[in-house]
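Please work through the exercises on the structure shown below. Each task is followed by a solution in steps.

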Amino acid sequence: MAETDDVATIPLAVGERPPLPDAVKVGVIADGTQRHHSARTKARKAALDVLYGAELAERDPLEVLNSADPPHRLLTCELVTGVVANQDDIDAALTASFTGDWTLERMPVLDRTLARLAVWELKFTDTASSVVIAEAVALADEYSTDASAGFLSSVLGAVAAGRSAEAKQREDVDD
């Protein structure tokens, strides 16, 4: 493990691939101890890798997912298949959350992929919105531009607010 500027780089595990060339896996050093990513974070990173790589290579993400050796974690498979199966709904939710002249096509591929992953979790799982947004923002902070984390936080916050409003409407109808 190499340390530079108080950040420890961690060797990638067998079968683990960074979503960007030359990206490094980092651990947070707090009081001299190192914290590794959780299994859920690793699954999200692997899903990001599959979806991002597939879009850049113009390949079917499910083909990329299924050709992995060793096979991906179950959660990675769930994330990728969920995004692929629901991409139109996900993209509609993202588009509705944009302000000004932003479009999906204007977003960098990595940010768009992160947003799709997060929106799938927001719309189709019971994972807390705060957790989903924090994970997406952390990945954007680690792998994308300086402005990406703030932009994703804003967009995903709008999607999450819509999720909360939909849940409230369902509760009112059930009462």
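The exercises that follow concern a predicted model.

**Exercise 1. Fold and surface**

Task: State how many helices and strands the protein has and in which order they run.

Solution:
- Step 1. Counting the elements gives seven helices and four strands.
- Step 2. Read from the N terminus, their order is β-β-β-β-α-α-α-α-α-α-α.
- Step 3. The chain has 175 residues, 39% of which count as buried.
- Step 4. Among contacts with a separation of 6 or more, 61% join residues 24 or more positions apart.
- Step 5. The accessible surface amounts to about 9,800 Å², and carbon and sulfur atoms hold 52% of that area.

**Exercise 2. Confidence along the chain**

Task: Determine in which element confidence is lowest and in which it is highest.

Solution:
- Step 1. For the protein, the mean pLDDT is 83, and 72% of the residues reach 70 or more.
- Step 2. The lowest confidence falls in strand S1 (residues 2–4), with a mean of 44, and the highest in helix H3 (residues 74–85), with 97.
- Step 3. Residues 1–7 have a pLDDT below 50, and this stretch makes 12 contacts in the model beyond near neighbours in sequence.

**Exercise 3. Salt bridges between H1 and H5**

Task: Explain why the salt bridge of Glu121 with Arg40 ties together parts that are apart in sequence, and treat the salt bridges of Glu55 likewise.

Solution:
- Step 1. A salt bridge requires a side-chain nitrogen of Lys or Arg within 4 Å of a carboxyl oxygen of Asp or Glu. Under this rule, nine salt bridges are counted.
- Step 2. Glu121 and Arg40 satisfy the rule, as their closest N and O atoms are 3.7 Å apart. Because Glu121 belongs to helix H5 (residues 109–124) and Arg40 to helix H1 (residues 39–57), the pair ties together parts 81 residues apart in sequence.
- Step 3. For burial, the cut-off is a relative accessible area under 20%. Glu121 is therefore buried, at 4%, whereas Arg40, at 38%, is partly exposed.
- Step 4. Glu55 and Arg112 form a salt bridge with an N to O distance of 2.5 Å. Arg112 is in helix H5 and Glu55 in helix H1, 57 residues apart.
- Step 5. Glu55 also meets Arg116 in a salt bridge, at 3.5 Å from N to O. Since Glu55 lies in helix H1 and Arg116 in helix H5, this pair ties together parts 61 residues apart in sequence.
- Step 6. Glu55 is partly exposed, with a relative accessible area of 30%. Arg112 is buried at 9%, and Arg116 is buried at 11%.
- Step 7. A network of salt bridges links Arg40, Arg44, Glu121 and Glu135.

**Exercise 4. The largest nonpolar core**

Task: Identify which residues touch the most other members of the largest nonpolar core and which element gives the largest share.

Solution:
- Step 1. In soluble globular proteins, nonpolar side chains tend to be buried together.
- Step 2. The largest nonpolar core holds 39 residues, and those touching the most other members are Leu48, Leu94, Leu117, Val119 and Leu156.
- Step 3. Two or more residues each come from H1, helix H2 (61–66), H3, helix H4 (87–97), H5, helix H6 (129–143) and helix H7 (148–174).
- Step 4. H5 supplies the largest share, eight residues.
- Step 5. With its neighbours within four places in sequence set aside, Val119 contacts Ile90, Ala93, Leu94, Leu156 and Val159.

Methods
Residues are numbered from 1 along each chain as its sequence is written. This is a predicted model: local features need pLDDT of at least 70, side-chain atom pairs count only at pLDDT 80 or more; totals for chains, interfaces and linings use all residues. Side-chain values use heavy atoms; hydrogens and water are left out. Buried means under 20% relative accessible area, exposed over 50%, partly exposed in between (1.4 Å probe, protein chains only). Contact means heavy atoms within 4.5 Å. Accessible areas come from the Shrake-Rupley method with a 1.4 Å probe; for residues, only the protein chains shown count as cover. pLDDT is the predictor's confidence in each residue, from 0 to 100. A nonpolar core is a set of buried Ala, Val, Leu, Ile, Met, Phe, Trp, Tyr and Cys residues joined through side-chain atoms within 4.5 Å.
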